[in-house]
Amino acid sequence: MKSITLHVSDSYEVPELYTKAQGDLQDSQDIEEALTMGAWIQATLKNKKSTEEVRKVTERKDAELLRIQTQYQEKMAKLMDDRKVIAAEKEALHMEVMDRIKEARGAERESCQKEAEETVRQLRREHEILTSRYDLLDIRRQDLESSREKDIHDAVARTETLMEKLVSSKTDQLEKMESAYQKLHEVITKQSDDLVKLSATLGKRGANVKQKGSDYEEEFGEKLKRHYGLCKGFELKDTRLGMGHEMDFSMLIEGNLILWELKNYTSVVPKPEVDKFLRDLKENDATIGIMISRTTNIYGKHATTMTTECEEGKLMIYLNRMEEFCGEDESRIFHSLMAIFRIWWNYHREDRGWDRMEMVRELEKAVEEMGKRRTEWRRHKAHLEEITRWTVDLLEETETRLDRLLTCATSNHVNDALSSNDPLPEGVFRETREEKDLTWIRSIMRICSVGGEMEVRELVELLSATHRLSKDTIRSNVMAILLDSAVTKKGIVKFVKGISKA
């Protein structure tokens with residue numbers, strides 16, 4: 001026998017068939033049959049319920065589909081009607097837009113036509129004005145051409161007149177120079193004869209040393225008069241033929257006495273002459289004594305060209321090789337000596353006392369100042385020579401420009417100089433309005449072309465063929481008009497960028 005367990009709710013009442021006593025086979029079969037029949041009936045009822053629900057769902061589906069189709073057809077019909085209405089409105093809008101476009105095009109056409117007509121009228125008025133201006137300018141051009149021809153003719157006439165005057169003046173100058181040359185020739189001939197006589201006389205004098213020294217003393221006396229003659233209280237006394245112990249010259253100037261001893265030896269002035277000079281100075285009232293050797297040194301005093309010594313209130317000045325020391329300007333040494341005299345007199349006054357070391361320092365300063373003045377004179381002399389060369393170059397340049405202007409006037413055509421429309425290389429020349437600089441720029445552009453580079457030396461060589469100036473002058477003028485950025489240096493050679501040989 002099997003036993004089964006069934007689970008039901010608490011409120012379910014179990015049928016009596018299952019709750020009565022079970023013990024025989026019949027009861028078991030009844031229970032089995034009841035269970036089987038209950039299960040079959042339950043399944044049949046469940047299946048019937050499912051079929052009914054399916055049918056209801058199908059009916060509802062068909063009804064819903066029908067409703068949807070009906071709504072769709074209604075909406076489609078409504079949409080078709082809306083589409084027809086919209087198409088009609090579109091057509092109406094299109095027609096309205098086309099009408100407006102046609103109206104706008106017509107108005108725009110009329111406006112443009114009016115503007116075009118106004119523009120044409122304005123252009124015609126401007127054309128008439130320009131035509132009248134052109135006619136006036138053409139008349140002015142003709143007047144300028146006629147006046148230019150007249151000016152050129154007048155310039156040629158003036159130039160010819162000027163040239164005639166210049167030629168006549170040059171001719172007069174040549175005649176005067178010829179007459180002066182004849183006179184000079186006669187004077188030279190006469191002086192030649194005098195020189196022959198003088199050379200004979202000098203030949204005789206050359207053998208006499210004393211006469212030679214006397215000639216130099218006379219010459220030096222004239223120099224003293226020339227350089228000190230205008231000083232206050234100047235008196236010069238020739239003491240060569242005096243009582244002795246007075247040296248060669250005794251000069252009184254500004255209330256002070258100065259003694260001069262001159263030597264024109266061919267060898268070193270010997271020591272006895274130096275001792276005699278000191279002895280004569282001590283025996284006189286003079287406080288300053290000067291010994292000068294014309295071409296040689298003085299014994300014991302040849303360490304420097306000028307030597308100063310002080311002893312017992314006396315100032316001794318020794319000058320070696322006077323002519324060599326003076327050079328071309330002998331006035332410098334006389335001015336320096338005068339400065340030394342005044343320094344000595346200022347420091348030798350009784351109310352001041354006598355400071356020998358301070359005086360020596362002042363004298364040394366004076367000698368040093370004299371050396372500086374000589375150096376300055378040499379520098380100034382070099383500057384004067386440079387100014388002279390510059391003046392000559394300037395005159396040559398001016399003459400060249402005048403020749404070029406004369407050539408332009410006589411050939412009756414304008415110079416082939418650059419006009420304002422000619423192209424100039426950028427970054428090569430400085431901006432300038434000076435006629436001199438513009439002339440050099442024109443000269444360079446005549447022989448050079450734009451682009452590339454060339455040596456400064458080559459440019460100077462090319463310009464020297466057309467300018468009668470020194471190469472240094474041409475180079476300085478060229479460098480003055482070139483920009484610093486346009487000049488490059490490769491090693492020791494300088495190049496100009498932006499121009500090259502044509």
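This is a short tutorial dialogue on reading the sheets, helices and cores of a predicted model.

User: Let's start with the sheet that has six strands. In what order do the strands lie?

Analyst: Strand order is read across the sheet, from one edge to the other. Here the order is 1-2-3-4-6-5, in an open sheet with mixed pairing. Strand 1 (235–238) and strand 5 have a single partner strand each, so they stand at the edges, and one side of each has no neighbour in the sheet. On average, neighbouring strands are turned by 20 degrees against each other, direction ignored.

User: How do strand 5 and strand 6 pair, and over how many bridges?

Analyst: For a strand pair, look at the sense and then at the residues that face each other. Strand 5 (residues 306–311) and strand 6 (residues 314–319) are antiparallel, with six bridges. You can check the register by eye: T307 is opposite Y318, and T308 is opposite I317. The hairpin has two residues between the strands, and E312 takes a positive phi near 55 degrees there.

User: Which strands does helix 4 touch where it packs on this sheet?

Analyst: For a helix on a sheet, list the strands in contact, then compare directions. Helix 4 (residues 271–282) touches strand 3 (256–263), strand 4 (288–293), strand 5 and strand 6, and its direction makes about 150 degrees with that of strand 6. Helix 6 also packs on the sheet, touching strand 2 (249–253), strand 3, strand 4, strand 5 and strand 6. The direction of helix 6 makes about 165 degrees with that of strand 6.

User: Now the core. Which residues of the largest nonpolar core touch the most other members?

Analyst: A core can be read as a network, where you look for the best-connected members. This core has 35 residues, and Y228, W260, I333 and F341 touch the most other members. Helix 6 (residues 331–347) gives the largest share, ten residues. Take I333 as an example: leaving aside neighbours within four places in sequence, I333 is in contact with M306, L319, M322, F325, C326 and M370. Another core, of 20 residues, lies apart from the largest one, and V428, M454, L459 and L482 are among its members.

User: Why does the end-to-end distance of helix 8 agree with its number of residues?

Analyst: The check compares an expected span with the distance between the end C-alpha atoms. Helix 8 (residues 435–447) has 13 residues and, at 1.5 Å a residue, should span 18 Å; the ends are 19 Å apart, so the two agree.

User: Which residues of helix 8 are buried?

Analyst: Burial along a helix is worth marking on the structure. In helix 8 the buried residues are T439, W440, I441, S443, I444 and M445.

User: At what angle do helix 8 and helix 10 pack?

Analyst: For two helices, read the angle together with the axis distance. Helix 8 and helix 10 (residues 471–481) pack at about 100 degrees, with axes 10 Å apart, which means that helix 8 is roughly perpendicular to helix 10. Where they meet, K436, D437, W440, I441 and I444 come from helix 8, and I474, N477, V478 and I481 from helix 10.

User: And the sheet of three strands: which are the edge strands?

Analyst: Again, begin with the order. This open sheet runs 7-9-8 with antiparallel pairing, and strand 7 (448–455) and strand 8 (487–490) each pair on one side only. Neighbouring strands are turned by 30 degrees against each other on average, direction ignored. Helix 8 packs on this sheet, touching strand 7 and strand 9, and its direction makes about 90 degrees with that of strand 7.

Key: Residues numbered from 1 in each chain as written. Predicted model: local features only at pLDDT ≥ 70, side-chain atom pairs only at ≥ 80, totals over all residues. Heavy atoms only, no water. Core = buried A, V, L, I, M, F, W, Y, C linked by side-chain atoms within 4.5 Å. Buried < 20%, exposed > 50% of the residue type's maximum accessible area, 1.4 Å probe, protein only. Helix = DSSP H or I, 4+ residues; strand = E, 2+ residues; numbered from the N terminus. Contact = heavy atoms within 4.5 Å. Expected span 1.5 Å × (residues − 1). Pairing = 2+ DSSP bridges. Axes fitted to C-alpha atoms, helices over the stretch in contact; angles between N-to-C directions. Parallel < 35°, antiparallel > 145°, perpendicular 65-115°, else oblique.
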